[in-house]
Structures are given as structure tokens and as C-alpha cells.
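User: I would like to go through this model and see how each label follows from its cut-off. Could you take my questions one at a time?

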Amino acid sequence: MKSGDLLAFAARALRGNRLRSGLTLLGVAIGSAAVVMLTAMGEGANRYVMRQFEGIGSNLLAVVPGKTETHGASAFTSVTTEDLTLEDAEALRRFVPEAQRVAPVSMGSETVSHAERSRQVAVVGSTSEFLEVQKVRLGRGSNLPPGDLRRGTAVVVLGATVAAELFPGADPLGGIVRIGDLRARVIGILEPQGTQLGMNLNEVAILPVAKAMRLFNRSSLFRILIDVRAHADLDAAKERVRALLAERHGEEDVTLISQDAVVESFSNILRTLTLAVAAIAAISLAVSGLGIMNVMLVSVAERRAEVGLLRALGAERGQITRVFLAEALLLSLLGALVGIALGAVCVQLLVWLYPAFPARPPLWAVASAFVLALGVGGAFGLAPARRAARLDPVAALARK
Amino acid sequence: MIRLEHVSRVFQVGDSVVRALDDVCEEIRTGEHIAIMGPSGSGKSTLLNVLGCLDRPSSGSYQLDGREVSALDDAELTLVRRHLIGFVFQTFQLVPRLSALENVELPMLFAGIPREERLARAAEGISAVGLAPRAEHRPDQLSGGERQRVAVARAVVMRPRVLLADEPTGNLDTRSGGQVLELLSGLNAAGLTLIVVTHDPNVARRAQRTIVLTDGRILRRLAPDAVTASVVAGGSG
């Protein structure tokens, strides 16, 4: 029996009971569509997060005092033990050619007030480079003035919310705010920002680093942020920074955190999640195999006389197996095609509704949905097909 | 040429042993027309199944065209059925979703005959039973007589040596039954060995000989004019 004839015969049998075939096919289609859609959303989430990180800058390297083994943590929450000084920052700026910008950061919490209004905010001491390194945009006014790290003027750049709260209905630019026991002139206001890695940049006051350190009475920096020229230079930059600071401190007492590590661990988490939802979807696809098996068993029972006839006409056992197996495989093949198309359409619809969410079914998921559906059809179709082939022709014909 | 020697077929039903065929010996010449009669449970169907290679004798020898087929395995018996034997059933056994033409194609489909040849031979077969205008009709669009004629066309499309008919007119009225019998007689006249199982003495009288079975044994062999309802019924007593 030729395979074309076999498929035609199987397709004929499936069309003989459209509703039943259709429902079984739908079961496979839903499973396949689930695989496609869930993985598309997982990948979409992954891509979305990556895009957010790219906004912050994947070339960012943070130098944190103390030898902490924190991986993937927010760059603002680890413990500081050893000193990291402004001199270190200057040395990095001078001797690390891969560093495009170096921003020393001192940080604390302080009450900022103007007239009768006051507000507890995060106070960041840094340089003009802080905004560039953090990819934060200035809304109005000017950035911190460049110049000697160790001497700062009493000026401040405010986050959008702080500015609005402290100067209701007035122009904050040129206004004087009190930060702890320091008086500083407002020279710039940040654009309203989203939250970046746990830091609300709407609720900050940015001072020259020397002023902030004096305000907090500290000699050590919170950290030093380095914007590496090119992503490819990141490892070289890391090495040079580590060596330079080890030489200056006499021991290796800093930790380097790159966005890479953070991005990578996020990406790993999301990839694992994608695999997990794909596995769940795959289970629903596998369950649809039970539907195939059920329908094929019913079909074999109903077509006993037909099987008996075919055997009497000279159909071999193997041919009977292949006829029923072909039906199961056709069901799962069509189901997979319909399901993949359905899933793709739903994903497109989602992207159309939420353009910011870059959902796209990964090729491996489409391929595995297809292969899995066929595998399920074959696996669950085999037992009914063999049952049909084992029927005794005399008994099969005798029963009406 | 069919030769049965001491053929028995024994079934185990629960604790008891049923001898559906009990030491049957018979010879049927090529081209002969034989009727098999006997009451229900006399072993007619079992004999037909054995002759048709759907079933194997428990003991004894069955030679078909000089070849011992009682010892063949399932795969070999399948090939014997495919090439040497045609079946016609009381209930027609047409595949309901297929057209008349496609039903006639079926045996050739499983024999791997190419499509063009299949179509040509099926069309020829359908014409030979006078149903060319209805070739595209499905079984449920055909009368009983037409269905059985399609079944006859299908039974002979592989050009078998033996045609086995199990109550071929059992579900038909006299007129369409007559047409089917004419068809079968014509095939027999062309050299096909024809074996018909029937309850109907009128059907049996068309055969050259009638074998009457009772309790799995051959009770009588009758010439056509000796076949009467009473002789057959009396045999069961």
C-alpha cells in the first residue's frame, strides 16, 4: 500500500466523523497554541527586561567597597566595610583608559526643606557624570558643575517630585533648600523618571560629592560608578580596576558589579520561567494525546466490521496498524498546525494591543510543539491501532 | 481445486469443547458451483471461514490449488485471501463513507496496485455489474441489490480463483436476489469456483451439488433436483 493512498484513506476516515475528529483536533490545537503562546510571553518578558536594562546601560561597572560576594543584587544595597575614597575615583579616572566616565557616589538619607516644607529624601553626592552614567535626563536648569572633586559648591539638582513638593506653584530653579545643616541653591531639576533598580530618582537630591561627604561626615564613598567605553572592554576594565585598587589599598578589598551579571541572572531566571511554562503547556499537549487515544479506541470499536472486511480482502496486520496510526498522526498534525497558527495569531494580537511587550514565539518552541504533537499522536495512536490489527477477522465480521 | 481431508475445527467454549467441523472430507473441482446448506450452528460459516482462509482447521489438511494452506501463518493466509479468494457477505460489508467505485478499489489499494490501474479496473468491474452510472454513489444511496452487486464487483476485482458467498441473497428481495445470483452464475460460467452458503433451496438448486452439514459433519451430498426444504430440514433432525 502506497503512503499517499494510506494518507488519503486515513483522511477519508477522519472526515467520516467530522465532529469527533474536529474536537480531538481542537484538543491538540489548544495544547500546541498554549506552548506557542506561553513561550512567546516568556521570551517577551525576557526581551522586555533586557530592553529595560539596556536603558540603564549595560556598560556600567560599579565598584563597591568590601569584598562582598553579592551577585545579581541591586547596585545600592550591599554592605560597605573598607574605605573607597575620592582619590581612588581620581586614580580610576586617570589610569583606566577603558573608563569613559567615572562617577564617585556618596549616599545617605537626609531631610530636605524649603520654607515650611520638608521631605526625607535620598541624598546622592556625585559629579556631573552621575546623570550620564545613570542615563538620567535633566529636565530643566543645569547639571552639577565640573571641577575639583574635593571642593564642591553648595548647589543641588532635585528629583522631579521633590522639586514639585518643596516649591508648590513656584519655580525651584535658583531657590535655596536646606539639606541637614547645609544650604544649597537649586540649579537643576530631573525629568520625571521611572524607578530604576530600586532607586526612585524622582525622590533624590544630588549634591557635589565633597559636600555630601562632609554632610554625612564620611571619608568613604558609597561606590564608584564607571561607564566603560564599549561593552567589549568590560572585562579588561574590570581587570584594570581590580589591579589598580589592589595596588592602592594593598589588598583586594573591593567588589566589582557589572550590569552584565545582573542582566544575566535576570535573563537566566526568565529563561527558566519560560521553560517552566513551556513544560506546563507541553503537559496540556500531552494530555490531548489521551483525547486522540480515546477517539481512536472508539473508532476501532465502531469499525470492527470494516477491519474484518479489510482483513478478508487481504489487508495485512501491519497495514491495518498503519491505517489507524495514520489517522492518529493526521489528527495530531492538523491539530498542531491549527494550534501553532492560532497561537501565532493570539501573540500578534497581544503585540498589537501592547506594543511595548515584545512577545514572539521562539522557533525552538514552535518546532517542539510540532514534534511533541506528532509524538503524542504516534504514541497514543499506536495502542488503538495495534488493537485493530489484532482483531480476529472472523469475530470482527460476525459482529454487526 | 480444493481438497479437504479430515478437517476439524474445535472451539473451546467455557468448559465444553464445540466441534464446529468434525472430520470433513470434500473435494471441489476448479470451476465447480457448490451450495452449502444446513441448520444454524451446523458449521456452515466455520466451513466457509476455513475455505476462505479466515480461519485455520484445528486438524486435517486443506489444499488449495495443490498448496497446503492449513499450516500457513497469518501473513501468508492474508496473501492467499488477497490473491486467490473473493468474499460476498449477507450484509454486503461496503465501507459506508466510500463510493461504489472506491469500495471496488479497496482490495487493490491494499495490494499496492497503482492508482491509474486501480481506477481502470474498478470502473471496469462496476460496469460489469451494470452499475457504471452509479459508480460515484455512496452505499446509502444504493438499493440492497445494487449494494450486493458492488460487493460482487469488489470480490472479483483481484481476479481470485474461488468466490465464497455467505447468504448472498439473504437480505434481498426475490428480484434483486435473482440479479445477484445471475451475476454469480455468470462469473462461475467464466471459470470461477463458486461456493454459496444458503438457507434457500431455490438458491441451492442453481449449484451443481449441495452439501448438507449437520453438527459439523457432512450429512448428505445432493444433486440439484434433490434439494428440497424437507430434505434439508429433515437432515437437522
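Analyst: Gladly! Let me start with a sheet: six strands of chain B form an open sheet in the order 6-7-8-3-9-10, with mixed pairing. Strand 6 (85–88) and strand 10 (217–222) of chain B stand at its edges with a single partner strand each, so one side of each has no neighbour in the sheet. From one strand to the next the twist averages 20 degrees, where axes are lines fitted to C-alpha atoms (for helices over the stretch in contact) and angles run from 0 to 180 degrees between N-to-C directions. A word on the source: this is a predicted model, in which local features need pLDDT of at least 70, side-chain atom pairs count only at pLDDT 80 or more, and totals for chains, interfaces and linings use all residues. Residues are numbered from 1 along each chain as its sequence is written, while chains are lettered from A and ligands numbered from 1 in the order in which they are written.

User: What makes strand 3 of chain B a partner of strand 8 of chain B?

Analyst: Two strands pair if DSSP finds at least two bridges between them. Strand 3 (residues 33–37) of chain B and strand 8 (residues 193–197) of chain B are joined by four bridges and run parallel, with H33(B) opposite L194(B). Four bridges also join strand 3 of chain B to strand 9 (residues 209–214) of chain B, again in parallel; there A35(B) has T210(B) as its bridge partner. Strand 8 of chain B is in turn joined to strand 7 (residues 162–166) of chain B by five bridges, running parallel, and D166(B) stands opposite V197(B).

User: How do you know that strand 3 of chain B is mostly covered?

Analyst: A residue is buried if 20 or more other C-beta atoms lie within 10 Å of its own, exposed if 12 or fewer, and partly exposed in between, with C-beta atoms placed from the backbone. Five of the five residues in strand 3 of chain B are buried. H33(B), A35(B) and M37(B) point one way, I34(B) and I36(B) the other way. That fits a general pattern: in a regular strand the side chains alternate between the two faces of the sheet.

User: Why is E26(B) called partly exposed?

Analyst: E26(B) has 17 C-beta neighbours inside 10 Å, so it counts as partly exposed. E26(B) belongs to strand 2 of chain B. Leaving aside neighbours within four places in sequence, E26(B) is in contact (C-beta atoms, placed from the backbone, within 7 Å) with L4(B), I211(B) and I218(B). Its C-alpha is 6.0 Å from that of R3(B), although the two are 23 residues apart in sequence.

User: Which sheet does strand 2 of chain B belong to, and what makes it an edge strand?

Analyst: Strand 2 is in an open sheet of four strands of chain B with the order 2-1-4-5 and antiparallel pairing. Strand 2 (16–28) and strand 5 (67–68) of chain B each have a single partner strand, so one side of each is left without a neighbour. Strand 4 (residues 59–64) and strand 5 of chain B are joined by two bridges, with Q63(B) opposite E68(B). Helix 1 (residues 44–51) of chain B lies across strand 1 (2–13), strand 2 and strand 4, at about 60 degrees to strand 2.

User: How do you know that chain B is as compact as a globular protein of that length?

Analyst: First the inventory: chain B has eight helices and 10 strands, taken as DSSP runs numbered from the N terminus (H or I, at least four residues, for helices; E, at least two, for strands). Its radius of gyration is 18 Å, close to the 18 Å of the globule rule for 237 residues, so chain B is as compact as a globular protein of that length. The radius is taken over C-alpha atoms, and the rule is 2.2 Å times the number of residues to the power 0.38. Buried residues make up 50% of the 237 in chain B.

User: Which residues touch the most other members of the largest nonpolar core?

Analyst: They are V35(A), V152(B) and L163(B), in a core of 131 residues. Such a core is a set of buried Ala, Val, Leu, Ile, Met, Phe, Trp, Tyr and Cys residues joined through C-beta atoms within 7 Å.

Terms used
Contact = placed C-beta atoms within 7 Å.
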